[in-house]
Amino acid sequence: MVLMMKRGWVVAAAVWLGLACAVVQAQDAPTDQTAQPVEGGQPSASGGSNTGGAHPAVLDSEHRPITAGGFVSTGPVVFKDIGEASGIARWHHTMGAPQKNYILDTVGSGVALLDYDNDGWLDIYLVNGSTDEAEAGKAAPPHAALFHNNHDGTFTDVTAKAGVANDRWGFGAVVGDYDNDGWPDLYVTNYGKNRLYHNNHDGTFTDVAEAAGVALGNWSTGATWGDYDGDGRLDLFVPGYVHYDLSQQPGQGGANVAFSFCQFRGVKVMCGPRGLKGEPDHLFHNNGDGTFTDVSVKAGVSDQPSNYYGLASLFLDVNNDGKVDLLVADDSTPNYLYINKGDGTFEDASFASGYALNEGGRETASMGIAEGDLLHNGLIDLYNTTFSDDYKPLYRNDGDANFTDISYQMGIAEPTVPFLGWGTAFLDYDNDGWLDLLEANGHVYPEVDHTNWGTSWKQRPLLFHNVNGKLQVMPAVEGSSLAKLGVGRGLAYGDLFNDGKIDAVINNLDGAPSVLRNVSDDHNHWVELKLTGGAKSPRDAVGATVYVTANGFKQRADVIAGGSFSSSPDQRLHFGLGQATKIDKVEIHWPSGAVEPVVLPGVDAIYTVIEGQGVKTGK
């Protein structure tokens with residue numbers, strides 16, 4: 001049923017959240033974000049960020065918005081924030097002015113997990129923003145940060161030595177070994193020119209974006225790597241957001257925007273993205289010599305003339321034909337699903353697939369993409385984070401790239417409505433073999449803290465536990481990461497401590513990052529696979545699909561680069577095994593097209609598998 005037709009959602013949300021909530025009807029008129037386009041902008045009858053309309057406020061027993069409250073004193077603690085103890089919290093994100101008068105100030109930045117020095121432990125790269133003063137040369141720019149994993153629960157800032165400070169208005173980071181030399185490289189997206197940091201194998205990087213032809217300009221967001229043409233080399237897709245001029249920012253009372261137009265529920269806020277000119281998308285083909293060629297138009301993925309507001313993207317095989325397709329999450333405009341035709345071009349199946357819109361036939365303000373086989377049927381399902389006052393759609397894969405929005409069926413739609421979601425991921429936090437769902441949240445309008453709308457500027461993360469295919473909201477236990485407030489943006493997940501438990505890092509706008517260490521009190525088994533591609537596959541095996549049969553069912557996992565808002569996860573594949581002490585079958589579908597069964601020596605370990613050679617043994 002369409003969200004706007006729901007009337008009992010508030011009470012249901014309170015029950016599902018396990019809280020004693022006071023439900024308060026908001027007195028505001030329905031959301032009206034009418035905006036006037038800037039000169040030369042994309043024609044639009046409305047501006048701002050698309051939502052599902054004004055909704056009643058959900059408050060907890062202490063009359064706090066549920067986004068910043070609803071805490072419980074006891075319950076299972078899944079994640080503990082170790083930002084301070086690990087040393088990561090010494091770093092601070094900065095983007096624009098605190099007042100957030102302009103959209104450039106509000107979007108925030110991502111995080112990437114990568115083993116940059118090939119020591120077997122995940123390191124953390126945090127993208128930083130900038131300020132008008134820094135862009136004008138009147139102040140030092142905020143630095144991005146690379147933190148080296150010390151193998152003891154702490155991290156050391158090695159940014160200066162590694163040469164990856166960026167020092168531009170940064171948004172995203174995505175990891176991929178584009179030159180197949182066995183060392184992870186890093187692409188960083190910015191407002192202005194992007195960077196391609198080539199790994200020099202000695203703990204340092206060199207920015208080769210200009211020479212490679214992938215620097216671009218203006219405003220790029222959540223990029224993705226993938227071998228779309230099957231030549232064994234990673235190609236690069238870069239979505240564009242808003243075409244922006246820092247010297248003429250669209251703001252309240254500015255020369256290009258009438259004072260009355262940029263409003264949210266009658267309150268004056270920053271302008272956009274709707275009503276502003278969009279930025280096209282770019283697909284870069286890897287030429288194999290360190291350079292790339294822009295083939296966006298030829299491939300059919302340039303986003304022209306629509307120029308939707310792209311925020312996240314992901315190369316992923318959604319129809320199980322062995323070729324990576326392309327997903328693009330667009331803000332306040334329809335999402336894209338491009339099906340790989342196998343001839344260097346894509347078919348736009350966005351609307352036909354059901355992924356362009358939500359269940360109600362309405363575009364959403366999509367921010368991030370989570371992917372995973374929720375139901376153990378070998379098909380990849382999708383979850384998109386969206387704006388507040390809107391539910392977050394969960395798209396079930398019905399086969400042959402057909403998707404159905406089942407958020408209400410799964411019971412997760414209504415609890416997500418007050419939250420403004422960004423980074424997100426399917427991950428198995430308790431190793432029971434069923435994928436759970438994690439989401440970072442935070443608003444874009446500081447003004448919401450002075451209203452009775454039932455939402456907040458700083459918000460807590462959401463975690464849904466998968467119980468045999470049904471997602472259930474996990475309680476926010478006081479003192480745990482789920483009860484910590486932040487202006488969440490990028491989220492990346494991975495096994496930071498090589499203990500078989502999946503952790504997460506959240507990059508918080510204008511704040512210190514959150515490091516969510518998995519402390520789940522389960523005793524289930526697990527296995528992780530680090531894949532190395534052969535001569536006809538990308539070396540880091542991005543695009544590979546692995547099926548593991550154990551504990552009475554088959555699981556699927558894919559090696560990806562991108563997806564979650566402007567972020568990049570651990571590329572080792574993790575499988576929870578429940579109480580199973582042996583694995584019945586492992587089958588790897590390599591990007592080259594080869595299908596390889598392998599036998600793993602045991603469980604509760606991380607194994608390296610080399611294409612055509614099986615499990616690597618010895619040093």
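A strand, in the sense used here, is a DSSP run of E residues at least two long, and strands are numbered from the N terminus. With that in hand, we can walk through this structure, which is a predicted model, by looking at its enclosed spaces and then at its sulfur link.

Counting cavities of 30 Å³ or more gives seven of them, and the largest cavity holds about 300 Å³ of space. Around this largest cavity there are 21 lining residues, and those that lie nearest its centre are Phe426, Leu435, Tyr493, Ala557 and His574.

It helps to ask where in the chain this lining comes from. Which strand gives the largest share of the lining of the largest cavity? That strand is β37, which contributes four residues. At least two lining residues each are supplied by β23 (369–372), β27 (421–427), β32 (488–494), β37 (553–558) and β38 (573–578). When the lining of the largest cavity is sorted by class, ten of its residues are nonpolar, five are polar and six are charged.

Turning from the cavity to the sulfur link, a search through the whole structure finds one disulfide, and the two residues that form it are Cys262 and Cys271. Their sulfur atoms lie 2.0 Å apart, and this pair counts as a disulfide because the cut-off asks for cysteine sulfur atoms within 2.5 Å. Seen about its S-S bond, the link of Cys262 and Cys271 has an angle of 110 degrees and is right-handed. Are these two cysteines buried or exposed? Both Cys262 and Cys271 are buried.

Note on methods:
Residues are numbered from 1 along each chain as its sequence is written. This is a predicted model: local features need pLDDT of at least 70, side-chain atom pairs count only at pLDDT 80 or more; totals for chains, interfaces and linings use all residues. Side-chain values use heavy atoms; hydrogens and water are left out. On a 1 Å grid over the protein atoms alone, a cavity is a set of points where a 1.4 Å probe fits but cannot get out, and a pocket is an open set with protein on both sides within 12 Å along at least five of seven lines; lining residues have an atom within 4 Å of a point. Grid points are joined across faces, edges and corners, and a volume is the space filled by probe spheres set on the points. Ala, Val, Leu, Ile, Met, Phe, Trp, Tyr, Cys and Pro count as nonpolar, Asp, Glu, Lys and Arg as charged, and the others, Gly among them, as polar. Buried means under 20% relative accessible area, exposed over 50%, partly exposed in between (1.4 Å probe, protein chains only).
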